[in-house]
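Welcome, and take a moment to look over the sequence and the 3D view. The report below walks through a few places that are worth finding on your screen.

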Amino acid sequence: MSEVDVDVAVVGAGPAGSAAALRLAERGLQVALVERGDSPGSKNLSGGVLYPATLAAAVPSFAADAPYERRVVRHVTTLLQRESVVSLDYTDSALGAARGEAAAAAAPTTAPNAVTVLRAHFDPWLAGKAEEAGAFLMPGLKVEALATQGSGSGTRVVGIVSDGSVMRAHAVVAADGVNSFLARGAGLRPDPRPDQLAVGIKAVLRLGEERIEDRFGVGPGEGAAHAIVGDATAGVAGGAFLYTNRDSLSVGIVVRLDALVASGRTASELIEHLLGHPGLARYLEGAELVEYGSHLVAEGGAAMVGDVAHAGLAVVGDAAGLTINSGLVLRGMDLAVTSGLVAGDAVADAVQAGDTSASGMARYAAALEASPAMADMRTYARTPSFLEREGPYGPWGQAAQDVLRSAFVLDGAPRRPLRTLLRGAARRQSWRTWLGDASAGWRAL
Amino acid sequence: MKVPPLNVRLGATRFDPDDAPHIDASALVPGSPEARAVVAVCPAGVYRETPTAVLADAAACLECGACLAVASGGLRWTYPRGSTGVRFREG
Ligand SMILES: Cc1cc2nc3c(=O)[nH]c(=O)nc-3n(C[C@H](O)[C@H](O)[C@H](O)COP(=O)(O)OP(=O)(O)OC[C@H]3O[C@@H](n4cnc5c(N)ncnc54)[C@H](O)[C@@H]3O)c2cc1C
Ligand code: SF4
């Protein structure tokens, strides 16, 4: 093999890149982990619910030293209307909810099912694990482009270009996030369409630990995750989230770009609509905004993943479109970790076999295809088209409000039986809406 | 809650500005669908249409990339130089 500066250059110290660098270093390779932010996480933002099983298996000290905020023991799904709030509130011992005071006092020794994280605190920890394993972290360095030889289908990635100089490597792992500029710049990935992307806009609101535990009905160390649809986004296709951190809340919206443009509203208006919504006042009142940010979400589902392995290149995490938005849960961090670990092993195999050609790197594509991450991507493959339906954004919430109002608002008129109420609410929407939503929902879930 | 206006929200976020702006909107035509789209999707209010030009205040950019995705090629937008631009302290 030709002269190189490092065995593998990993671009991006998000969960995908740090997981890849960790695994590559553990396999004895010389790895550079290049990050444009001054420190890992300083450019990164998410809603913040991490499902850590895969990560905890790769980093056994997770339960002991990962800087997560709270373990999620309560998942609330809410249909928000201007005047009403209808929620499904789920707690379960399977979520690790403490039973009684003794349980609450005991610190967990295994990784919880789900935790909340703030990326500026979490990403440096994971990058640090890669460094401990021997990866060389290079923060504050923006990679301009992939260094390539050949063209078209014969393109071979031979390194990365930064500050005008080339760092040569047997292979590059592109973990550069949803914009995926590196692979796109080399002509190895298509530009995403606006209907495959959503913009996430988020505020972090300081509220204090006690008020959080009171308002969200959770104990110390425990947290809640609220997924909200309907008037949360003023009816624009998408949803909102409200998650508890240790002493702050992560609250924001995720709206599809094509729907946002078509709506005639602005992104700034929509986040203001959410933060000022009367239905959320009981949670947000008195909180102080400490940060405002935005980030894109890949929403193209399995169809967006495409070719993830090329001669000298593996594409992982958001850069490969690996995100699931099922309407109830938004997942990307765990898929980023899984793809990073899978790529780390496959690329180590390829480098150690002395073959990082297209066929050598195809190991990664095959291993990703066989991984639980891709299995879940396929399971939720139809969800994007389900989320295109208008049902979740208006009619469902309206119908729930109609039925519950008729049942609980007593105005002196005689009550009607519940089945009549349900039929009445259903009739107010076209039968096409219901039948279409039901069959799309069935196929999606 | 009392909703903080955009300038107050942006004031809470830390930026380390780059002296060389990373956005060039000079090819966008005011009033065109692309210009309307970038104004609509930008959560930071970076873009402003005047009768003759689309102006970009790159210093407030949160680096999401939403504008680029809806501009159909009419925008030059890259990440700012390493270590400059937005610096999330929470994320
Ligand atoms: C509003 C919102 C809410 C979300 N909620 C959740 C959630 O609750 N749960 C969940 O699991 N997922 C969630 N996600 C998705 C999740 O954030 C992503 O899927 C995840 O961060 C992907 O990890 P990654 O490592 O692939 O990419 P990223 O985390 O984006 O990391 C990419 C890294 O590459 C660096 N980089 C990029 N380009 C260059 C370059 N040219 N040179 C050097 N460095 C570069 C960046 O600075 C960054 O550090 C959410 C996303 C958003 C926007
Ligand atoms: S990247 Fe995001 S914040 Fe920056 S100008 Fe574009 S839309 Fe606005």
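In this predicted model, a nitrogen atom of ligand 1 is 2.8 Å from a polar backbone atom of A:G47. Two further backbone approaches are listed beside it here.

| Ligand 1 atom | Partner | Distance |
|---|---|---|
| nitrogen | polar backbone atom of A:G47 | 2.8 Å |
| nitrogen | polar backbone atom of A:V143 | 2.9 Å |
| oxygen | polar backbone atom of A:G332 | 2.9 Å |

How much of the accessible area of ligand 1 does the protein cover? On its own, ligand 1 has 990 Å² of accessible area, and the protein covers 98% of that.

**Around the ligand**

To find the site, look between chains A and B, where ligand 1 lies. The ligand is surrounded by 38 residues, and the closest are A:E35, A:G47, A:V49, A:R119 and A:D318. By type, the shell holds 19 nonpolar, 11 polar and 8 charged residues.

Which elements of chain A each supply at least two residues of this shell? They are the helices α1 (15–26) and α11 (333–352), together with the strands β2 (31–35), β13 (238–244), β15 (288–298) and β19 (330–331). The largest share, 3 residues, comes from β15(A). Seen by domain, at least three shell residues come from domain 1 of chain A and at least three from domain 2 of chain A.

**The domains of chain A**

Those two domains are part of a wider assignment. Chain A is given domain 1 (6–65 + 116–192 + 304–379), domain 2 (71–111 + 195–298) and domain 3 (394–444). If you colour these ranges in your viewer, you can follow how domains 1 and 2 meet: 24 residues of domain 1 are in contact with 26 residues of domain 2. The centres of domain 1 and domain 2, taken over C-alpha atoms, are 28 Å apart.

**Two buried loop residues**

Let us now go to A:T323, which sits in the loop between β17 (313–315) and β18 (324–325) of chain A. Is A:T323 buried or exposed? With a relative accessible area of 7%, A:T323 is buried, because that value falls under the 20% cut-off. The side chain of A:T323 makes a polar contact of 3.1 Å with the side chain of A:D318, and A:D318 is also one of the closest residues to ligand 1. Leaving aside neighbours within four places in sequence, the contacts of A:T323 include A:V297, A:A298, A:L330, A:R331, A:G332, A:L335 and A:M377.

A:N245 offers a second stop, in the loop between β13 and β14 (248–256) of chain A. A:N245 is buried, with a relative accessible area of 1%. Which residue's side chain is joined to that of A:N245 by a polar contact of 3.0 Å? The partner is A:S250. Not counting residues up to four places away in sequence, A:N245 touches A:E69, A:R70, A:T116, A:V117, A:L118, A:I212 and A:S250.

**Positive phi angles**

Next come two backbone angles. Most residues other than glycine have a negative phi. A:S180, which is not a glycine, has a positive phi of about 45°. A:S180 is placed in the loop between β10 (165–174) and α6 (181–185) of chain A, and its relative accessibility of 4% counts as buried.

A:A234 also has a positive phi, near 55°, and is a residue other than glycine. A:A234 is found in the loop between β12 (222–230) and β13 of chain A. At a relative accessible area of 22%, A:A234 is partly exposed.

**Two helices to finish**

Why is helix α9 (residues 267–275) of chain A described as largely enclosed by the rest of the structure? The reason is that 7 of its 9 residues are buried. The buried residues of α9(A) are A:A267, A:S268, A:L270, A:I271, A:H273, A:L274 and A:L275.

Helix α17 (residues 431–444) of chain A contains A:A438. A:A438 is partly exposed, with a relative accessible area of 47%. The C-alpha atoms of A:A438 and A:G391 are separated by 9.5 Å, while the two residues are 47 residues apart along the chain.

Technical notes. Residues numbered from 1 in each chain as written. Chains lettered and ligands numbered in written order. Predicted model: local features only at pLDDT ≥ 70, side-chain atom pairs only at ≥ 80, totals over all residues. Heavy atoms only, no water. Near = heavy atom within 4 Å. Polar contact = N/O pair within 3.5 Å; in protein donor to acceptor, adjacent residues only side chain to side chain. Areas by Shrake-Rupley, 256 points an atom, 1.4 Å probe, with all protein chains shown as cover. Helix = DSSP H or I, 4+ residues; strand = E, 2+ residues; numbered from the N terminus. Nonpolar A, V, L, I, M, F, W, Y, C, P; charged D, E, K, R; others polar. Domains from an automatic or database assignment. Buried < 20%, exposed > 50% of the residue type's maximum accessible area, 1.4 Å probe, protein only. Contact = heavy atoms within 4.5 Å.
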